[in-house]
Amino acid sequence: MDARQDDRHRQRAFRLALLSANAALPPPARLPLLALGFAALVVGAGAGLARLGATVPAIAASSAAMHGPLMVCGFFGVVIALERAVALGRGWAYLGPLLAAFGVVTLLAGTAEAATWLFLAGSAVLLAATLDVLRRQRALFVLTLALGAACLVAGNALWVSGRAPSEVVPWWLAFLVLTIAGERLELSRFLPPSRPARHAFALLLIVIGAGLFAGASPPGPPLFGAGLLGLAAWLLKQDIARRTVRGRGLTRFIAVCLLSGYGWLAVGAVLWLSGAGAAPGSNAHDAALHAITLGFVFSMVFGHAAIILPAVTKFALPYHPTFYFPLALLQASLIVRLGGDAVGRIDWTRAGAWLNAAALGAFLLGSLAAVVRGRRKAV
């Protein structure tokens with residue numbers, strides 16, 4: 001079979017997968033799930049501001065203690081599980097985002113205990129869906145996605161057992177980081193890493209896992225930080241973004257998002273490696289967490305939204321140069337926030353947090369505007 005025939009077979013398989021996914025849950029029925037995920041994002045961002053003493057609406061102020069769970073289990077728990085269900089094309093896989101969405105509703109209603117169980121159940125379905133993919137395709141990137149989903153299950157199980165959200169943060173971070181790393185590894189087929197590079201990637205997974213299982217004991221944080229730092233360096237070296245950043249339009253925008261994200265992952269990893277970033281309540285902890293979650297994770301979200309959202313919703317998000325505005329605001333806001341953490345200026349940290357929220361708001365509005373442009377072009 002020549003390359004063109006192989007490509008045609010892959011395209012046919014992709015179309016069949018999309019038809020199967022649409023039959024399992026058509027795009028319009030996915031929108032309420034996505035809306036609840038974004039509701040968790042908005043309220044979670046407000047809850048983060050409330051933690052810094054800002055005046056926010058009552059629903060966000062009352063959720064201040066649930067800032068982390070709303071962002072990780074709520075927003076990402078819904079969106080990633082929904083994306084995985086669409087890719088798998090099995091009806092049962094949609095239980096993952098559905099249970100996570102119910103978790104958002106119960107958490108916002110003030111029933112935190114019920115929400116923990118719903119988030120745990122939703123993450124278990126996400127793991128089962130990913131293991132089903134792994135059963136069909138034995139590849140390192142799928143294994144990485146499965147390990148990420150397993151970290152979410154482990155973190156949620158610890159939360160259900162009575163651990164405070166701050167104690168399970170490393171597991172939730174690992175879920176986000178490994179999910180992104182797995183997806184980038186999948187795309188590296190266009191610039192395949194060498195065998196030694198793949199072995200190095202697998203070794204980094206082991207180091208991160210060792211740091212997680214060691215917990216807060218002395219070997220834990222340095223191991224976890226070292227694994228994240230190594231992963232940031234690996235992604236920076238191996239990712240095709242180093243080449244596509246010379247391109248134009250959406251291709252270049254995605255590459256800029258990726259490269260800036262890897263830089264922030266390295267910053268957070270260094271803080272964690274030093275031990276200071278792993279101390280809950282400290283300025284270094286705030287800096288490490290937000291360098292990873294906002295700097296790395298949301299840079300990836302901004303970059304991939306124009307690809308993922310159309311796949312899930314069937315709404316086109318045509319590229320526009322204004323996409324750079326939320327990204328630039330996010331980078332500037334993190335510099336202000338981490339600067340405040342570094343010099344002990346809570347007013348700078350609070351100002352940076354407000355700018356963080358503004359960047360997320362600008363991203364949401366920009367995405368909405370892109371959908372409108374896409375629909376106008378389609379008419």
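1. Let me start with Val-160, which counts as partly exposed at 22% relative accessibility. The cut-off matters for this one, because buried means under 20% relative accessible area. Please keep in mind throughout that this is a predicted model. Val-160 sits in helix H7. Setting aside neighbours within four places in sequence, Val-160 is in contact with Thr-116, Trp-117 and Leu-120. Ala-115 is another residue to look at here: Val-160 and Ala-115 are 45 residues apart in sequence, and their C-alpha atoms are 9.3 Å apart in space.

2. Staying with H7, which spans residues 140-160, have a look at Asn-156. Is Asn-156 buried or exposed? Asn-156 is buried, with a relative accessible area of 1%. If residues up to four places away in sequence are not counted, Asn-156 touches Cys-73, Phe-119, Leu-120, Ser-123 and Trp-172. Leu-120 is thus a contact of Asn-156 and also of Val-160. As a distance to check on screen, the C-alpha atoms of Asn-156 and Val-372 are separated by 37 Å, with their positions 216 residues apart along the chain.

3. Next comes helix H8, residues 165-187. From first C-alpha to last, the 23 residues of H8 reach 32 Å, close to the 33 Å expected at 1.5 Å a residue. H8 nevertheless has a kink of about 30 degrees, centred on Trp-171. The helix is mostly covered, with 17 of its 23 residues buried.

4. Helix H13 (residues 283-313) deserves a longer look. How far does H13 span between its end C-alpha atoms? The span is only 39 Å, whereas a straight helix of 31 residues would cover 45 Å at 1.5 Å a residue. H13 also bends by about 65 degrees at His-304. Of its 31 residues, 27 are buried, so H13 is largely enclosed by the rest of the structure.

5. These two helices meet. H8 and H13 pack at an angle of about 30 degrees, and their axes are 11 Å apart. The crossing in which H8 passes H13 is left-handed. On the H8 side, the residues involved are Val-169, Leu-173, Leu-176, Val-177, Ile-180 and Arg-184. Their partners in H13 are Leu-289, Ile-292, Thr-293, Phe-296, Val-297, Met-300 and His-304. So His-304 belongs to this contact and is also where H13 bends. When you follow the spacing along either helix, it helps to recall that an α-helix has 3.6 residues a turn, so residues three or four places apart point the same way.

6. Ile-180 is a handy residue for viewing that contact. It is part of helix H8 and is buried, with a relative accessible area of 10%. Apart from residues up to four places away in sequence, Ile-180 touches Phe-296, Val-297 and Met-300. Ile-180 and Val-297 are 117 residues apart in sequence, yet 7.8 Å apart in space from C-alpha to C-alpha.

7. Now to the nonpolar interior. Which residues touch the most other members of the largest nonpolar core? Among its 108 residues, they are Phe-76, Phe-175, Leu-231, Phe-298 and Phe-302. H13 gives the most to this core, with 16 residues. A second, separate core has eight residues, including Leu-49, Ala-50, Ala-60 and Ala-64. Back in the largest core, Leu-231 touches Val-177, Leu-178, Ala-181, Phe-201, Leu-204 and Ile-208, again not counting residues up to four places away in sequence.

8. Gln-238 is a polar name worth adding to your list. The residue is found in helix H10 (residues 220-238). Gln-238 is buried, with a relative accessible area of 15%. Leaving out neighbours within four places in sequence, its contacts are Leu-191, Pro-193 and Ala-197.

9. Finally, please check the backbone at Lys-314. Just after H13, Lys-314 takes a positive phi of about 70 degrees, although it is not a glycine. Most residues other than glycine have a negative phi. Lys-314 lies in the loop between H13 and helix H14 (324-343), and it is partly exposed, with a relative accessible area of 38%.

Technical notes. Residues are numbered from 1 along each chain as its sequence is written. This is a predicted model: local features need pLDDT of at least 70, side-chain atom pairs count only at pLDDT 80 or more; totals for chains, interfaces and linings use all residues. Side-chain values use heavy atoms; hydrogens and water are left out. A nonpolar core is a set of buried Ala, Val, Leu, Ile, Met, Phe, Trp, Tyr and Cys residues joined through side-chain atoms within 4.5 Å. Buried means under 20% relative accessible area, exposed over 50%, partly exposed in between (1.4 Å probe, protein chains only). Helices (H or I, at least four residues) and strands (E, at least two) are DSSP runs, numbered from the N terminus. Contact means heavy atoms within 4.5 Å. The expected span of a helix is 1.5 Å times one less than its number of residues. The bend at a residue is the angle between axes fitted to the seven residues ending there and the seven starting there. Axes are lines fitted to C-alpha atoms, for helices over the stretch in contact, and angles run from 0 to 180 degrees between N-to-C directions. A crossing is left-handed if the near helix is turned anticlockwise from the far one by less than a right angle, and right-handed if clockwise.
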